[in-house]
Amino acid sequence: MDSSRIQRHLDALGLDRESPPDAAAWSALLERLERDPLNQELHRRERYLEAVVEMQTRILSAPGDHLGAYNSALAPLGEASGAARVYLFENHRRDEDDALLLSQRAEWCAPGVPPEIDNPVLQNLAYSDFLPRWAEVLGAGDRIELLAHEYDSTEAIILEPQGILSLLVLPLMVDGVFTGFIGFDNCTREARWSTLEINLLSAAATQIGLLLAQRRAQRSLVSANEQVGAARDRALEATQAKNIFLAKMSHELRTPLNAILGYTELLRESERPEQAELDADLERIHSAGRHLLAIVDDLLDVSRIEAEQLILRRETIDLPEFLSELEDEVRHLASNNSNTFKTAVPAELGALSSDRTRVRQVLLNLLSNAFKYTMEGEVSLAVVGSDDAVHFMVRDTGIGIAPDQLERIFEAFAQVDDSPTRAFEGTGLGLAISRQLTHLLGGSLTVSSTPGVGSTFTFSLPRASAE
Ligand code: ADP
């Protein structure tokens with residue numbers, strides 16, 4: 001800096017280049033700086049910024065998203081701006097005609113300024129009746145600045161009794177929707193607000209809008225969660241009711257069914273002269289009855305499993321003996337669709353500790369499916385054992401299963417072909433029960449299949465099932 005410029009600055013500050021300033025010169029200098037308009041502007045800006053931050057902190061610690069809880073949050077803005085009143089109004093709709101109404105929710109008043117929060121006139125007021133241009137201007141996101149002499153006739157009815165000489169009103173936009181407004185009244189003089197004040201108070205209004213949007217989003221998330229929880233509880237109750245009904249009904253059906261089967265067997269064994277004619281019909285009744293009983297038993301299993309009331313027993317199963325009995329049991333199924341049946345069971349397979357009835361049930365289901373869905377082909381049962389597991393593989397050369405159906409078939413009532421004209425009998429419960437039983441036994445049930453080529457179901461169990 002050249003010396004003439006330095007001299008000019010020193011002169012402006014009232015300092016002498018040659019002699020350093022004494023205490024009196026320093027205090028005169030400070031006084032001048034404080035009165036400096038630029039300095040005052042900076043101070044005001046700082047005050048406003050602090051007020052906006054303080055307001056934000058207070059809103060964050062206020063409960064919920066009701067504007068009524070924001071009274072204390074308005075105080076910093078009122079104190080910093082020198083307003084007589086700061087207030088929040090909320091928009092809402094009238095039930096009868098959907099008209100847009102405004103209601104005061106929160107207010108801060110400077111000492112000595114009468115409050116308006118309990119003024120009934122400022123509740124449920126229709127914009128269209130008294131403040132029509134407000135709805136238009138604020139709704140477009142713009143501010144309203146009015147001096148007392150600029151009020152139109154209806155505005156005057158509302159504003160004059162409150163002693164408002166000038167006001168600044170800024171819209172509260174929540175998620176882009178005009179939700180209400182924040183206003184600042186001056187009751188001592190008719191003066192416009194400075195650009196700085198307008199900018200900072202607009203920032204405050206934007207902040208409130210954002211905080212409200214955030215709070216409301218949180219609230220709707222919480223209520224959505226509650227609804228999901230309630231729906232889940234209702235679904236659980238409905239499932240429970242369904243299971244109880246299924247269990248009861250299956251139980252009720254079993255008793256008469258067993259009687260029908262028993263009497264049919266008695267009739268088949270009798271030695272009457274007309275016996276030969278009756279035999280074929282009795283056989284049909286008997287097989288239909290057994291089929292019905294199997295369905296009822298499946299339903300009973302489904303409801304017991306879902307209600308977690310299935311009791312499993314653990315016993316030692318000698319595998320070669322168990323499998324040879326099973327083979328004998330299913331061999332006759334091969335002739336139904338002219339299939340051949342092969343087994344590959346190593347003699348040294350050992351034993352398995354599991355629930356014999358349930359293991360048999362799963363294998364019977366897999367084998368009878370294999371025979372059902374295979375025509376003039378081959379069905380095989382191969383068993384492989386290791387130290388800690390046994391794998392049963394039921395393979396067929398039947399119709400196969402499309403890739404997109406491979407998991408679905410394990411759902412209750414799911415069938416690849418569920419049309420009323422389907423070619424195969426069945427309820428779609430067998431595999432669902434089998435997989436759930438397998439899981440309860442601590443094992444797994446998987447499938448691989450190629451349509452038109454055949455399927456392999458692999459049922460694996462640990463040598464000793466967990467308790
Ligand atoms: P279903 O009583 O209908 O046989 P399952 O639960 O045992 O019920 O089987 C569900 C569906 O899976 C069957 O309807 C059938 O579409 C398909 N499926 C099961 N096993 C086989 C298989 N070995 N080959 C082809 N499709 C099969």
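Author: Helices (H or I, at least four residues) and strands (E, at least two) are DSSP runs, numbered from the N terminus. The model is predicted: local features need pLDDT of at least 70 and side-chain atom pairs count only at pLDDT 80 or more, while totals for chains, interfaces and linings use all residues. Residues are numbered from 1 along each chain as its sequence is written, and side-chain values use heavy atoms, with hydrogens and water left out.

Reader: What makes a residue part of the shell around the ligand?

Author: One of its heavy atoms lies within 4 Å of the ligand. On that basis 22 residues surround the ligand, and the closest are Asn369, Tyr373, Asp396, Gln415 and Leu431.

Reader: Which elements each supply at least two residues of this shell?

Author: Helix 11 (356-372), helix 12 (430-440) and strand 13 (454-462) do. Helix 11 gives the largest share, four residues.

Reader: Why is the pair between Asp396 and the ligand called a polar contact?

Author: A polar side-chain atom of Asp396 lies 2.9 Å from a ligand nitrogen. A polar contact is a pair of N or O atoms within 3.5 Å, so this pair qualifies. An N or O atom in the side chain of Tyr373 is 3.0 Å from a ligand oxygen, and a polar backbone atom of Val416 is 3.1 Å from an oxygen of the ligand.

Reader: Why is Ser303 called buried?

Author: Its relative accessible area is 2%. Buried means under 20% (1.4 Å probe, protein chains only), so Ser303 is buried. Ser303 is found in helix 9 (residues 275-306).

Definitions and conventions
Polar contact = N/O pair within 3.5 Å; in protein donor to acceptor, adjacent residues only side chain to side chain. Buried < 20%, exposed > 50% of the residue type's maximum accessible area, 1.4 Å probe, protein only.
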